[in-house]
Amino acid sequence: MRTHELRAHAEEIGFTPQEQTRWLAPRQLARTAVKVVLATVFADYADKREIQGALSARMLRAPLHRPDAQELWFDFVADLGDGFDATGSVAWALAAPSLTLPGPAATELPRGALLVLGGDEVYPTASARDYEDKTKGPYRAALPTADDEPLMVALPGNHDWYDGLTAFLRVFAQQRPIGGWRTRQTRSYFVVQLPQRWWLVGLDSQLGEYFDDPQLRYFETHLSANLQPGDGVIVCSAEPTWVKSADKDVDAFNALHWFDRNYVRTRLDPQTGERTPTDAAIRLWLTGDRHHYARYAERLPDEPAGTGDLPADPRRRQLVTCGLGGAYLAATHRLPATLPLPPAGSRLREKDDPPPVFDRARTTHPDAADSRRISRGLARPWSRTWLPRRNPGFAELTAGVHAVLFLLTSFLFALAEGVLRPVDAVRTADAGELGGFVGGLCGAVAVLFAFRWAYRLVRPHVRATPSTGLVAVLVQVAVALVVLALCVAVPFPAEWSGWAVLVSCLVLAGLVGGALGSEVFALWVLSARHGAAAEWQMSGQSVEEYKGFLRLHLAPDGDLTLYPLTLDRICRDWRLQDDPSLGRRPVPARPPTVRLIEEPVVVARTAGKAGTP
């Protein structure tokens with residue numbers, strides 16, 4: 001049965017399966033915008049992290065019940081909690097006792113004894129109901145019970161912060177189980193001690209602002225004070241600030257670099273008050289936020305610039321983005337090729353000089369060609385991801401806008417002609433009169449455009465380019481003029497009354513404006529190269545495929561191996577199964593299988609280990 005059919009059994013399965021979020025549906029867009037504004041305005045006044053300082057906190061260990069374990073399998077998944085088909089499919093793959101990789105030598109990957117949720121555990125905004133329906137329900141159904149009781153830790157992302165972190169703390173910080181997984185953290189950040197002198201750290205930067213004092217004291221006590229020479233650290237952050245530092249904000253990586261220098265590589269000596277070296281190092285950075293897979297590998301000293309296909313070497317530090325847990329797919333074809341961290345222009349007072357350089361690995365998911373192809377689906381009327389088809393209400397909104405624009409342009413023309421009947425005036429005008437009006441209107445818009453351009457030219461440090469919002473308005477005005485011309489050209493019967501002609505023109509304006517306006521808007525979105533409009537190319541389609549996660553293996557020799565996995569497909573057909581612990585639960589009619597996105601990546605605990613050629 002499909003997701004909409006499962007909803008009829010919500011009482012039996014304990015949650016209500018949801019469809020994928022339609023990000024450009026007008027109602028959803030308005031609700032999300034309000035939440036974002038409120039979260040941005042009030043974040044500093046309702047920062048739950050300061051309150052968390054009063055809660056007890058301790059260092060965690062994994063596996064939970066085997067402190068003497070010599071190895072560990074664990075998983076990292078981020079950007080989950082959206083449509084049930086995608087989220088549930090990923091949850092089922094994570095919960096499987098083992099996964100078999102295809103190939104001549106079938107490799108078995110056991111289920112992780114630790115599951116790391118890397119941010120944005122619910123979409124579009126956080127609430128107790130949404131966490132239950134979109135996260136806890138699917139994950140509980142995938143793994144109702146587990147004898148080994150795997151540990152689950154979670155890091156909040158921006159969507160978890162939209163209610164001030166209230167629902168997140170109730171779900172993940174009260175030590176209540178989620179199916180077979182056990183939650184043990186008491187705050188929105190964590191330190192987990194792993195076997196073989198590895199440490200897992202989850203940072204909460206509260207919408208990218210800063211690290212609060214209680215959080216820093218926690219890391220000073222439970223991380224820095226325990227680090228020994230040669231220890232390896234894995235840091236999970238809520239967003240890939242290393243990519244943002246190359247895109248538009250040279251200071252985006254500063255906080256993570258500062259944390260590395262002051263809480264991993266050094267510690268505060270309580271006697272002298274000075275920072276002393278720990279001789280430990282961050283070997284791997286993990287994040288989500290961008291809903292794709294991409295990896296950046298450190299360029300070793302005296303190594304020439306990477307080609308995107310760097311030779312495998314465990315000495316390299318790795319920056320990995322894997323946000324494939326359930327939310328819409330994000331583009332990869334505009335990712336920067338090289339990242340000096342921090343960039344030369346950053347304002348961080350103390351930073352590495354020269355900065356380490358990271359090169360993007362050739363393999364991404366989706367790859368650049370697929371990313372470009374998928375993004376164009378937004379403007380293909382025959383595609384199931386066409387903008388108005390994928391976002392209910394968008395075509396209706398565009399139709400209403402162009403009906404109103406038809407009235408406005410008709411009224412403006414009537415004023416210009418000095419008459420009182422706008423529609424009659426437009427329909428009885430000759431081509432010269434209409435051409436003059438359209439030319440005058442375009443000239444007025446051009447003058448306004450020129451004034452804005454000139455104003456931006458004299459502003460320092462700002463590029464003299466029109467804003468995307470202004471371009472969008474101009475594009476839709478052009479569509480409105482096309483609609484006006486069509487309304488004039490249609491030969492309505494002469495005996496029709498003025499009201500009949502007016503209503504017919506409005507209907508025609510709505511129909512043509514809804515289809516043509518949606519398509520032109522989609523083409524404008526595809527033309528964007530940066531900013532919110534560029535993000536809409538993928539989010540506007542809510543692509544559910546290309547899902548996956550990371551499975552990691554900490555071996556007895558201390559090496560860490562990353563297996564980036566993608567599902568062959570997501571499950572869209574479910575059946576109900578009796579379960580002794582839940583009553584009934586949805587299970588895939590055909591469970592998804594996985595394959596590698598790229599060959600496994602080995603990371604040594606220390607940079608001193610020689611690489612393999």
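With a relative accessibility of 2%, C571 counts as buried in this predicted model. C322 is buried too, at a relative accessible area of 0%, and the structure holds zero disulfides. From these cysteines, the briefing moves on to an enclosed strand and its partners, and then to the empty spaces.

**Strand β19 and its surroundings**

- Strand β19 spans residues 560-567, and eight of its eight residues are buried, so the rest of the structure largely encloses this strand.
- In a regular strand, side chains point alternately to one face of the sheet and the other.
- Which residues of β19 are buried on one side, and which on the other? One side carries L560, L562, P564 and T566, while the other carries T561, Y563, L565 and L567; all are buried, and both faces of β19 are thus covered.

**Strands that pair with β19**

- Strand β18, made of residues 548-554, pairs with β19 in the antiparallel sense over seven bridges.
- Within that pairing, R551 has Y563 of β19 as its bridge partner.
- What joins β18 to β19 along the chain is a hairpin with five residues between the two strands. G558 sits in the turn and has a positive phi of about 95°.
- Strand β23 (residues 601-603) runs antiparallel to β19 and is joined to it by three bridges. Here L562 stands opposite V601 of β23.
- Strand β22 (residues 594-596) is likewise antiparallel to β19, with three bridges between them. The bridge partner of L567 in β22 is V594.
- Two residues from the burial list return in these pairings: L562 is buried on one side of β19 and L567 on the other, with V601 opposite L562 and V594 as the partner of L567.

**Closed cavities**

- A probe the size of a water molecule, rolled over the atoms, shows where empty space is left.
- How many cavities of 30 Å³ or more does the structure hold? There are three cavities of that volume.
- The largest cavity has a volume of about 80 Å³. Its lining consists of F253, H257, D260, R265, W285, R317, L341, D352, P356 and F358.
- Sorted by class, that lining of the largest cavity has five nonpolar residues, one polar residue and four charged ones.
- The second largest cavity contains about 70 Å³ of space. Around it lie A57, R58, L60, R184, Q185, T186, R187, Y189, F190 and Y218 as lining residues.
- By class, the second largest cavity is lined by five nonpolar, two polar and three charged residues.

**The second largest pocket**

- Turning to open space, the second largest pocket holds about 620 Å³.
- Its lining has 25 residues, and E19, Q20, R22, R390 and P392 are those that lie nearest the centre of the pocket.
- Which helices each supply at least two residues of this lining? They are α1 (3-6), α3 (26-42), α5 (84-95), α6 (128-142) and α12 (387-390).
- Helix α6 gives the most to the lining of the second largest pocket, with four residues.
- If you are thinking about the chemistry of the second largest pocket, its lining has 15 charged, seven polar and three nonpolar residues.

Note on methods
Residues are numbered from 1 along each chain as its sequence is written. Side-chain values use heavy atoms; hydrogens and water are left out. On a 1 Å grid over the protein atoms alone, a cavity is a set of points where a 1.4 Å probe fits but cannot get out, and a pocket is an open set with protein on both sides within 12 Å along at least five of seven lines; lining residues have an atom within 4 Å of a point. Grid points are joined across faces, edges and corners, and a volume is the space filled by probe spheres set on the points. Ala, Val, Leu, Ile, Met, Phe, Trp, Tyr, Cys and Pro count as nonpolar, Asp, Glu, Lys and Arg as charged, and the others, Gly among them, as polar. A disulfide is a pair of cysteine sulfur atoms within 2.5 Å. Buried means under 20% relative accessible area, exposed over 50%, partly exposed in between (1.4 Å probe, protein chains only). Two strands pair if DSSP finds at least two bridges between them.
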